[in-house]
Amino acid sequence: MAPVVCNVYDLSPQNAWAYWCGIGIYHAGVEVYGTEYAFGGHEYDCSGVFATNPRDAPGNVIFRESHYVGETDLSQAEVQQLVARLGQEFKGNKYHLLQKNCNHFATDLCLQLVGKPAPAWVNRLAGIAVMLHCLLPESLVPALQTPSMDHEASSSSTLLGSFVEHCSDSGFCRPFVLRRLYALLLSGGQWKMTFWLPKLGRIVANM
């Protein structure tokens, strides 16, 4: 077993107060077996995943804190293979500020390693921006991408289940969870709506 840690960095001085509101602009990397893995954008159609020393992310970032996520039973070699596979999904030219950023990668890697996502607050601002995209000035946010039809339903199940668990643990009321789940389904397109709407009532009923 090896500990899995999410290292979080500030990208904006406004995080000094935004952090206490549960939002902010952050970079996150996942530390396991003495290596920190993260995702960044570039112009090429190849992996945007990179490795650094723990708590030493490149660029104009300031380390904020480490968040213990859990323990993985994967070996170091298996972790490296997993990161390589995720690199095929998280390609540099597919980076999107709101829909496929470093925090999305951190959450996906944490889920694969220990079955738990990265802290919700590290990417909450991007989620809010997606939900309110039509109300925001085009100069402030990039255009949204249409989700791929070949995205695995099992991945969606894991993410939705983790979201429901987080909301339940946080004591959020059911109407709030329903609205957020419905927004999440809408963001996934018609194929996800078709797959998940029949199950939505049972998900919320079992919270």
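**Reading a helix crossing in a predicted chain**

Guide: In this predicted model, buried residues account for 41% of the 207 residues in the chain.

Visitor: How many helices and strands does the chain have, and what pattern do they follow along the sequence?

Guide: The chain has seven helices and five strands, and, read along the sequence, these elements follow the pattern β-α-β-β-β-β-α-α-α-α-α-α.

Visitor: What share of the contacts with a separation of 6 or more comes from residues 24 or more positions apart?

Guide: Residues 24 or more positions apart supply 65% of those contacts in the chain. As for the surface, the chain exposes about 11,500 Å², and 57% of that area comes from carbon and sulfur atoms.

Visitor: How should I read the angle at which the axes of helix α2 and helix α3 cross?

Guide: An angle over 145 degrees would count as roughly antiparallel and one of 65 to 115 as roughly perpendicular, with oblique covering what lies outside the named ranges. Here the axes of α2 (residues 76-89) and α3 (residues 102-114) come within 11 Å and cross at roughly 140°, which means that α2 is oblique to α3. The crossing in which α2 passes α3 is right-handed.

Visitor: Which residues make the contact between α2 and α3, and what classes do they belong to?

Guide: From α2 the contact draws on Val79, Leu82, Val83, Leu86 and Glu89, while α3 brings Phe105, Asp108, Leu109, Gln112 and Leu113. Sorted by class, the contact of α2 with α3 comprises seven nonpolar residues, one polar residue and two charged residues.

How values were computed: Residues numbered from 1 in each chain as written. Predicted model: local features only at pLDDT ≥ 70, side-chain atom pairs only at ≥ 80, totals over all residues. Heavy atoms only, no water. Helix = DSSP H or I, 4+ residues; strand = E, 2+ residues; numbered from the N terminus. Buried < 20%, exposed > 50% of the residue type's maximum accessible area, 1.4 Å probe, protein only. Contact = heavy atoms within 4.5 Å. Areas by Shrake-Rupley, 256 points an atom, 1.4 Å probe, with all protein chains shown as cover. Axes fitted to C-alpha atoms, helices over the stretch in contact; angles between N-to-C directions. Parallel < 35°, antiparallel > 145°, perpendicular 65-115°, else oblique. Left-handed = near helix turned anticlockwise from the far one by under 90°. Nonpolar A, V, L, I, M, F, W, Y, C, P; charged D, E, K, R; others polar.
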